[in-house]
Amino acid sequence: MNGNITFSMIKPTATQNNHTGHIINMITNAGFHVIAIKMLHLSKDQAKAFYGVHEGKEFFERLIDFMSSGPIVAMVLKKENAVEDYRKLMGATDPAKAAEGTIRKLYATSMTMNAVHGSDSDENASLESRFFFSDFEVFKQL
Ligand SMILES: Nc1ncnc2c1ncn2[C@@H]1O[C@H](COP(=O)(O)OP(=O)(O)OP(=O)(O)O)[C@@H](O)[C@H]1O
């Protein structure tokens, strides 16, 4: 059975261009509950720790520079089938391939500056939520 929690980030540029409110609106209109939320500016070391799985890839340094370039909004989202449904709402990593009506179609400007992040598995949803939030900051009852 699929889990009901996913971890999501609104990335730099989207926050700086004042899209945070509309992106959260798209998320809640799609039936997700925001059960934890905070805005923060990642250091390079924190961004490297979060995206460690991509270390060594051609785009890694670009990704780290971008993710530490401005504020992000970290959220834990709750809904049935959360991981898969949120990835559909985000759209493809490459904005040129993102479907109409997705967050990335509206707000991503490149493969790196692609507006949002979403976990790719229930296991990573749990790990990524714990990277940003302690248990008492996550309102599972909502
Ligand atoms: N070829 C690439 N060129 C530039 N940036 C890339 C490329 N591939 C991935 N990225 C960046 O690294 C992030 C993580 O890559 P991943 O393959 O996990 O994509 P994703 O699962 O769609 O995105 P995310 O993990 O942010 O939700 C992407 O969101 C994007 O910002």
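This passage describes the surroundings of the ligand and two annotated residues in a predicted model.

The shell around the ligand is formed by His 54, Phe 59, Arg 62, Leu 63, Thr 93, Met 111, Thr 112, Asn 114, His 117, Gly 118 and Asp 120. Two elements of secondary structure, α3 (60–67) and β4 (116–118), each contribute at least two residues to this shell. Sorted by class, the shell comprises three nonpolar, six polar and two charged residues.

The UniProt record, an unreviewed entry, assigns the feature "binding site" to Lys 11, Phe 59, Arg 87, Thr 93, Arg 104 and Asn 114. Among these positions, Phe 59, Thr 93 and Asn 114 also belong to the shell around the ligand.

Thr 93 is located in the loop that runs between α4 (82–90) and α5 (103–107). This residue is classed as partly exposed because 14 other C-beta atoms lie within 10 Å. When residues up to four places away in sequence are not counted, Thr 93 touches Met 111 and Asn 114, both of which are likewise listed in the shell around the ligand.

Arg 104, also carrying the "binding site" annotation in the UniProt record, is part of helix α5. Arg 104 has 22 C-beta neighbours inside 10 Å and therefore counts as buried. With neighbours within four places in sequence left aside, the contacts of Arg 104 are Met 90, Gly 91, Ala 92, Pro 95, Ala 98, Asn 114, Ala 115 and Val 116. Asn 114 is thus in contact with Thr 93 and with Arg 104, and Asn 114 itself is annotated as "binding site" in the record.

Key: Residues are numbered from 1 along each chain as its sequence is written. This is a predicted model: local features need pLDDT of at least 70, side-chain atom pairs count only at pLDDT 80 or more; totals for chains, interfaces and linings use all residues. A residue is near a molecule or strand if its C-beta atom, placed from the backbone, lies within 6 Å of it. Helices (H or I, at least four residues) and strands (E, at least two) are DSSP runs, numbered from the N terminus. Ala, Val, Leu, Ile, Met, Phe, Trp, Tyr, Cys and Pro count as nonpolar, Asp, Glu, Lys and Arg as charged, and the others, Gly among them, as polar. UniProt positions are given in the numbering used here, feature names are shortened, and annotations may be inferred rather than shown by experiment. A residue is buried if 20 or more other C-beta atoms lie within 10 Å of its own, exposed if 12 or fewer, and partly exposed in between; C-beta atoms are placed from the backbone. Two residues are in contact if their C-beta atoms, placed from the backbone, lie within 7 Å.
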